[in-house]
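This note sets out a reading of the structure shown below, point by point. Please keep the sequence and the coordinates at hand while going through it.

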Amino acid sequence: MKTAPPMREPTYYVLASLLAGPLHGYGIIKRTTELSEGRVKLSAGTLYAALDRLTESGVLNPVRDEVVDGRARRYYALTEEGKVAIHAESKRLASAARVVATQGHLATNNGGVR
Amino acid sequence: MSSLEKRYRLLVKALYPATHRAAREEEMVATLLDVAQPEQIDPNGREVIGLILGGLRARGLLALRRGWSSIIGDAVRLGTLFLLGSMLANFAIVIAMPDVLWRDRILPILMALAMVAVVRGTSRIALALMALLMFFGWRTLFWSWIMSDVPLIDHLEYNVVALTAVVAGLAWHAIFGGVRRPWSWTAAVIAVAVPCVFLVAPPYDIVQRLTDITGVHIPLSLITLIVPVMLLSALSVLGNDPRPSLAAAMYTVVNVIAIGPYGATTQYLALLAGLMVITIATGTLSIRRLAGSKA
């Protein structure tokens with residue numbers, strides 16, 4: 001299986017924001033900011049550029065349209081492929097984090113031996 | 001409709017391609033309004049920058065959907081447009097000069113009309129305008145080349161090379177260009193207006209002012225080379241769109257051929273090489289990013 005290139009942070013959080021269920025544009029913006037603890041603040045323009053790209057590559061899909069207070073809302077959901085992609089990326093990040101955690105541990109031990 | 005909504009709608013209309021707007025305008029405007037503060041009247045600066053980036057990326061993605069032949073076709077068209085623009089920048093001043101033959105005075109007008117034809121996607125009309133340009137302007141455009149006894153390659157003037165490249169590009173487009181989608185009239189006006197800046201602010205003034213500011217003498221030919229190449233390369237990177245970089249590469253190659261092996265200092269050749277590297281790097285980067293979205 002071909003390994004996918006690492007995801008950029010905004011992409012990762014956009015996909016992560018949809019794990020709990022479909023969201024509309026504003027919902028995704030709020031949720032990504034929450035999840036990333038304020039690091040990812042998407043503007044509408046960059047959000048929709050990401051949604052276009054991710055829809056094109058098949059990891060998410062628009063699922064339904066609503067009109068609330070006269071404003072059009074389109075909800076997006078992860079596809080099966082999208083779920084696979086976000087989980088694969090989370091595993092990659094976790095194993096990358098482990099590398100530092102173990103090395104850090106060794107360094108502390110060595111420090112103790114000295 | 002609130003005034004904020006009107007302004008955001010205007011921005012979306014100005015910045016996004018029509019097909020994208022048809023699919024997305026309503027939800028985008030809704031999201032922009034959702035994000036806005038309750039009493040907000042002016043579009044937020046960060047959102048405006050986001051829309052500019054989003055508009056560029058939407059164009060890149062649209063180009064990818066149309067396929068590679070369309071990407072190359074657009075790049076050639078954009079390169080042709082910039083070459084015509086650089087010629088117009090050189091010649092715009094002729095309009096305002098006293099004691100100029102009428103047949104020279106119409107040269108910049110023919111160049112401007114050819115630019116409009118390129119933007120509107122009518123390459124055959126552009127070709128006809130180029131024929132007229134050569135008919136009326138051969139003396140002026142090719143003067144130093146014809147009057148010199150040295151072999152052709154020693155004196156390849158910028159105009160000769162640029163004109164050849166433009167005609168080749170237009171012919172290529174007329175034959176293989178496929179569907180020639182017109183770009184907007186706004187784009188045509190901007191394309192013609194920018195080189196005409198040299199008409200309002202005479203070139204020597206600009207050069208003088210730049211010399212005053214930077215303390216280095218930067219010749220006009222360098223400005224009309226570096227500015228478009230950097231601009232196009234930046235557009236490629238921002239929009240994940242290889243077309244501007246490819247156009248910049250075409251533009252640089254014409255300048256390399258025009259300077260030829262003669263009259264170029266080492267610094268100048270290094271500069272040309274540097275610009276080539278930039279266009280190749282930005283082009284490759286945008287292609288990789290664009291291809292990533294299709295995978």
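1. The model is a predicted one. Chain B contains 13 helices and zero strands, and its elements follow one another as α-α-α-α-α-α-α-α-α-α-α-α-α. Chain A, by contrast, has four helices and three strands, arranged along the sequence as α-β-α-α-β-β-α.

2. The next matter is burial and surface. Chain B has 295 residues, 47% of which count as buried. Its accessible surface is about 14700 Å², with 71% belonging to carbon and sulfur atoms. For chain A, 36% of the 114 residues count as buried. The accessible surface of chain A comes to about 6800 Å², and carbon and sulfur atoms hold 57% of that area.

3. Contacts may also be sorted by separation along the sequence. In chain B, among contacts between residues at least 6 apart, 73% join residues at least 24 apart. In chain A, residues 24 or more positions apart account for 47% of the contacts with a separation of 6 or more.

4. Which residues have the most contacts inside the largest nonpolar core? They are B:Leu83, B:Met130, B:Leu133 and B:Leu141, in a core of 50 residues. Several helices of chain B give two or more residues to this core, including H4 (68-96), H5 (102-119), H6 (123-147), H7 (158-176) and H13 (266-294). B:Leu133 illustrates the packing: setting aside neighbours within four places in sequence, this residue is in contact with B:Met87, B:Leu107, B:Leu110, B:Met111, B:Trp138, B:Leu141 and B:Leu163. Apart from the largest core lies another core, of 31 residues, among them A:Tyr12, A:Tyr76, B:Val29 and B:Ala36. As general background, nonpolar side chains in soluble globular proteins tend to be buried together.

5. Helix H7 of chain B permits a check of length. With 1.5 Å for each residue, its 19 residues should span 27 Å, and the end C-alpha atoms are 26 Å apart, which agrees. The buried residues of H7(B) include B:Tyr158, B:Asn159, B:Leu163, B:Gly169 and B:His173.

6. How many aromatic pairs does a search of the whole structure find? The search gives three over all chains. The rings of A:Tyr12 and A:Tyr13 have centres 5.5 Å apart and planes at 85°; this pair is therefore edge-to-face, since planes over 60 degrees apart are classed in that way. Both A:Tyr12 and A:Tyr13 are buried. The rings of B:Phe135 and B:Phe136 are also edge-to-face, because their planes stand at 75°, with the centres 5.1 Å apart. B:Phe135 is exposed, at a relative accessible area of 61%. Ring pairs join B:Trp102, B:Phe135 and B:Phe136 into a cluster.

7. Charged groups also sit over rings. In chain A, the charged end of A:Arg64 is placed over the ring of A:Tyr75, 4.2 Å from the ring centre. In chain B, the charged end of B:Arg77 lies over the ring of B:Trp183, at 3.9 Å from its centre.

8. Helix H2 of chain A covers residues 25-35, and A:Gly25, A:Gly27, A:Ile28, A:Ile29 and A:Thr32 are buried there. Against which elements do the buried residues of H2(A) pack? Within chain A, they pack against helix H1 (9-17), strand E1 (23-24), helix H3 (44-56) and E3; in chain B, they pack against helix H2 (18-35). Just after H2(A), A:Glu37 takes a positive phi of about 55°.

9. Two loop residues deserve a comment. Is A:Thr79, in the loop between strand E3 (71-78) and helix H4 (80-113) of chain A, buried or exposed? A:Thr79 counts as buried, because its relative accessibility is 15% and the limit for burial is under 20%. Beyond its neighbours within four places in sequence, A:Thr79 is in contact with A:Gly58, A:Val59, A:Leu60 and A:Asn61. B:Val194 lies in the loop between helix H8 (185-193) and helix H9 (197-200) of chain B. B:Val194 is exposed, with a relative accessible area of 51%. The C-alpha atoms of B:Val194 and B:Leu11 are separated by 21 Å, and these residues are 183 residues apart along the chain.

Key. Residues are numbered from 1 along each chain as its sequence is written. Chains are lettered from A and ligands numbered from 1 in the order in which they are written. This is a predicted model: local features need pLDDT of at least 70, side-chain atom pairs count only at pLDDT 80 or more; totals for chains, interfaces and linings use all residues. Side-chain values use heavy atoms; hydrogens and water are left out. Buried means under 20% relative accessible area, exposed over 50%, partly exposed in between (1.4 Å probe, protein chains only). Contact means heavy atoms within 4.5 Å. Accessible areas come from the Shrake-Rupley method with a 1.4 Å probe; for residues, only the protein chains shown count as cover. Rings of Phe, Tyr and Trp (its six-membered ring) pair if their centres lie within 6.5 Å; planes under 30 degrees apart count as stacked, over 60 as edge-to-face and the rest as tilted. A charge sits over a ring if NZ of Lys or CZ of Arg is within 6 Å of the ring centre and within 35 degrees of the ring normal. A nonpolar core is a set of buried Ala, Val, Leu, Ile, Met, Phe, Trp, Tyr and Cys residues joined through side-chain atoms within 4.5 Å. The expected span of a helix is 1.5 Å times one less than its number of residues.
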